Amino acid sequence: MTSPHPVELRFQKAAKNLHIVFDTGEARDIPYELLRVASPSAEVQGHGGAKPLPLLNKQEIGVLSASPVGHYAVRIKFDDGHDSGLFTWSYLRELSEDPAARLAAHHAAKA
(Lines give C-alpha, C1' and ligand atoms only; values in the text may rest on other atoms or scores of the structure.)
Protein backbone atom coordinates (compact mmCIF):
# COMPACT_ATOMS: atom_id res chain seq x y z
CA MET A 1 0.00 0.00 0.00
CA THR A 2 1.27 3.46 -0.86
CA SER A 3 1.37 6.23 1.68
CA PRO A 4 -1.28 8.96 1.51
CA HIS A 5 -0.69 11.65 -1.06
CA PRO A 6 -2.29 15.06 -1.54
CA VAL A 7 -5.26 15.49 -3.83
CA GLU A 8 -5.47 19.21 -3.03
CA LEU A 9 -2.92 21.82 -1.94
CA ARG A 10 -4.36 25.21 -1.05
CA PHE A 11 -2.03 28.01 0.00
CA GLN A 12 -3.98 30.23 2.41
CA LYS A 13 -2.31 33.63 2.30
CA ALA A 14 -4.24 35.29 5.15
CA ALA A 15 -3.90 32.31 7.51
CA LYS A 16 -0.29 31.65 6.40
CA ASN A 17 -1.06 27.93 6.11
CA LEU A 18 -0.82 25.25 3.49
CA HIS A 19 -4.13 23.35 3.58
CA ILE A 20 -3.71 19.78 2.33
CA VAL A 21 -6.41 17.25 1.54
CA PHE A 22 -5.01 13.72 1.31
CA ASP A 23 -6.46 10.86 -0.74
CA THR A 24 -7.60 9.30 2.55
CA GLY A 25 -10.00 12.22 3.01
CA GLU A 26 -7.95 13.75 5.83
CA ALA A 27 -7.42 17.51 5.72
CA ARG A 28 -4.51 19.13 7.54
CA ASP A 29 -2.84 22.51 7.77
CA ILE A 30 0.88 23.28 7.88
CA PRO A 31 1.95 26.80 8.88
CA TYR A 32 4.17 28.57 6.36
CA GLU A 33 6.69 29.14 9.15
CA LEU A 34 7.08 25.38 9.66
CA LEU A 35 7.42 24.77 5.93
CA ARG A 36 10.21 27.35 5.77
CA VAL A 37 12.18 26.33 8.87
CA ALA A 38 11.86 22.62 8.02
CA SER A 39 12.58 22.98 4.31
CA PRO A 40 14.23 19.80 3.02
CA SER A 41 16.90 21.83 1.20
CA ALA A 42 20.60 21.36 1.94
CA GLU A 43 20.72 25.06 2.89
CA VAL A 44 18.36 24.40 5.81
CA GLN A 45 19.14 20.77 6.63
CA GLY A 46 22.91 21.14 6.28
CA HIS A 47 25.56 20.26 3.73
CA GLY A 48 27.46 17.02 4.24
CA GLY A 49 25.99 16.34 7.67
CA ALA A 50 26.81 19.73 9.20
CA LYS A 51 23.64 21.03 10.88
CA PRO A 52 23.18 24.80 10.42
CA LEU A 53 21.81 27.07 13.14
CA PRO A 54 17.99 27.20 13.40
CA LEU A 55 16.35 29.83 11.22
CA LEU A 56 15.09 32.88 13.08
CA ASN A 57 12.21 35.29 12.55
CA LYS A 58 10.18 33.33 10.00
CA GLN A 59 6.79 33.79 11.73
CA GLU A 60 5.61 36.24 9.05
CA ILE A 61 7.01 34.31 6.05
CA GLY A 62 4.85 34.28 2.94
CA VAL A 63 4.63 32.04 -0.09
CA LEU A 64 5.01 33.60 -3.54
CA SER A 65 4.40 30.49 -5.65
CA ALA A 66 4.46 26.73 -5.79
CA SER A 67 5.10 24.38 -8.67
CA PRO A 68 4.72 20.62 -8.98
CA VAL A 69 7.79 18.43 -9.38
CA GLY A 70 6.70 15.33 -11.23
CA HIS A 71 4.02 13.39 -9.38
CA TYR A 72 5.89 13.26 -6.08
CA ALA A 73 6.67 16.75 -4.77
CA VAL A 74 6.12 20.48 -4.82
CA ARG A 75 8.70 23.30 -4.90
CA ILE A 76 7.65 26.28 -2.79
CA LYS A 77 9.02 29.78 -3.34
CA PHE A 78 8.99 31.84 -0.15
CA ASP A 79 9.01 35.63 0.00
CA ASP A 80 12.52 35.62 1.51
CA GLY A 81 13.81 34.15 -1.77
CA HIS A 82 14.19 30.55 -0.58
CA ASP A 83 13.01 28.04 -3.19
CA SER A 84 15.45 25.13 -3.20
CA GLY A 85 13.49 22.62 -1.10
CA LEU A 86 11.47 19.86 -2.74
CA PHE A 87 8.61 18.91 -0.46
CA THR A 88 7.71 15.31 -1.23
CA TRP A 89 4.22 14.06 -0.47
CA SER A 90 5.53 11.87 2.35
CA TYR A 91 7.44 14.80 3.87
CA LEU A 92 4.36 17.02 3.74
CA ARG A 93 2.43 14.24 5.46
CA GLU A 94 5.14 14.05 8.14
CA LEU A 95 5.11 17.83 8.68
CA SER A 96 1.33 17.81 8.94
CA GLU A 97 1.49 15.52 11.97
CA ASP A 98 1.35 17.82 15.02
CA PRO A 99 2.76 20.97 13.41
CA ALA A 100 2.28 22.95 16.64
CA ALA A 101 4.65 20.63 18.51
CA ARG A 102 7.16 20.81 15.66
CA LEU A 103 7.13 24.62 15.77
CA ALA A 104 7.40 24.62 19.56
CA ALA A 105 10.48 22.36 19.30
CA HIS A 106 11.98 24.72 16.70
CA HIS A 107 11.38 27.75 18.90
CA ALA A 108 12.89 25.95 21.90
CA ALA A 109 15.99 25.00 19.88
CA LYS A 110 16.73 28.60 18.94
CA ALA A 111 16.23 29.94 22.46
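## A tour from the strand 4 hairpin to the core

Select strand 4, residues 63-69, together with strand 5: the two run antiparallel and are joined by six bridges. The model on screen is predicted. Strand 5 covers residues 73-78.

Stay on this hairpin and show the residues that face each other across it. Pro68 is opposite Val74 of strand 5, and Val69 is opposite Ala73, also in strand 5. Three residues separate the two strands of the hairpin. Within that turn, select Gly70, where phi is positive at about 60°.

Now add strand 6, residues 86-88. What is the strand order of this open sheet? The order is 4-5-6, with antiparallel pairing in a sheet of three strands. Strands 4 and 6 are the edges, each pairing on one side only. From one strand to the next, the twist averages 30°. Strands of a sheet pair through backbone hydrogen bonds, either parallel or antiparallel.

Zoom out to place the sheet in the whole chain. The protein contains four helices and six strands, and from the N terminus the elements follow the order β-β-β-α-α-β-β-β-α-α. Of its 111 residues, 36% are buried. Among contacts with a separation of 6 or more, 40% are between residues 24 or more positions apart.

Go next to the N-terminal strands. Select strand 1, residues 6-12, and strand 2, residues 17-22. Strands 1 and 2 pair in the antiparallel sense over six bridges. One pair to label is Glu8 with Val21, its bridge partner in strand 2. The hairpin of strands 1 and 2 has four residues between them, and Lys16 in the turn shows a positive phi of about 55°.

Keep strand 2 and add strand 3, residues 27-31. Five bridges link strands 2 and 3, again in the antiparallel sense. Val21 appears here too: its bridge partner in strand 3 is Ala27. Strands 2 and 3 also form a hairpin with four residues between them, and in this turn select Gly25, whose positive phi is about 95°.

Colour strand 2 by burial. How many of its six residues are buried? Six of the six are, so strand 2 is largely enclosed by the rest of the structure. Turn on the side chains: Asn17, His19 and Val21 point one way, while Leu18, Ile20 and Phe22 point the other way. In a regular strand the side chains alternate between the two faces of the sheet.

At Phe22, bring up Arg93 as well. The charged end of Arg93 sits over the Phe22 ring, at 5.0 Å from the ring centre.

Aromatic pairs come next; the structure holds two. For one of them, select Phe11 and Tyr32: the pair is tilted, with 6.4 Å centre to centre and 45° between the planes. Phe11 belongs to strand 1 and Tyr32 to helix 1, so the pair ties together parts that are 21 residues apart in sequence. Is each ring residue buried or exposed? Phe11 is partly exposed, with a relative accessible area of 27%, whereas Tyr32 is buried at 3%.

Move on to the largest nonpolar core, which has 19 residues. Select Ile30, Leu34, Leu35, Phe87, Leu92 and Leu95, the members that touch the most other members. Strand 2, helix 1 (32-37), strand 5 and helix 3 (89-95) each supply at least two residues of this core. In soluble globular proteins, nonpolar side chains tend to be buried together.

Centre the view on Leu95 and display its contacts. Which residues does Leu95 touch, leaving aside neighbours within four places in sequence? They are Ile30, Leu34, Leu35, Ala38, Phe87 and Arg102.

For the last stop, select Tyr91, which lies in helix 3. Tyr91 has a relative accessible area of 17% and counts as buried, because the cut-off for that class is under 20%. Add Pro40 and draw a distance between the C-alpha atoms: Tyr91 and Pro40 are 8.5 Å apart in space, although 51 residues apart in sequence.

Note on methods: Residues numbered from 1 in each chain as written. Predicted model: local features only at pLDDT ≥ 70, side-chain atom pairs only at ≥ 80, totals over all residues. Heavy atoms only, no water. Core = buried A, V, L, I, M, F, W, Y, C linked by side-chain atoms within 4.5 Å. Buried < 20%, exposed > 50% of the residue type's maximum accessible area, 1.4 Å probe, protein only. Contact = heavy atoms within 4.5 Å. Pairing = 2+ DSSP bridges. Axes fitted to C-alpha atoms, helices over the stretch in contact; angles between N-to-C directions. Phe/Tyr/Trp six-rings, centres within 6.5 Å; stacked < 30°, edge-to-face > 60°. Lys NZ or Arg CZ within 6 Å of the ring centre and 35° of its normal.
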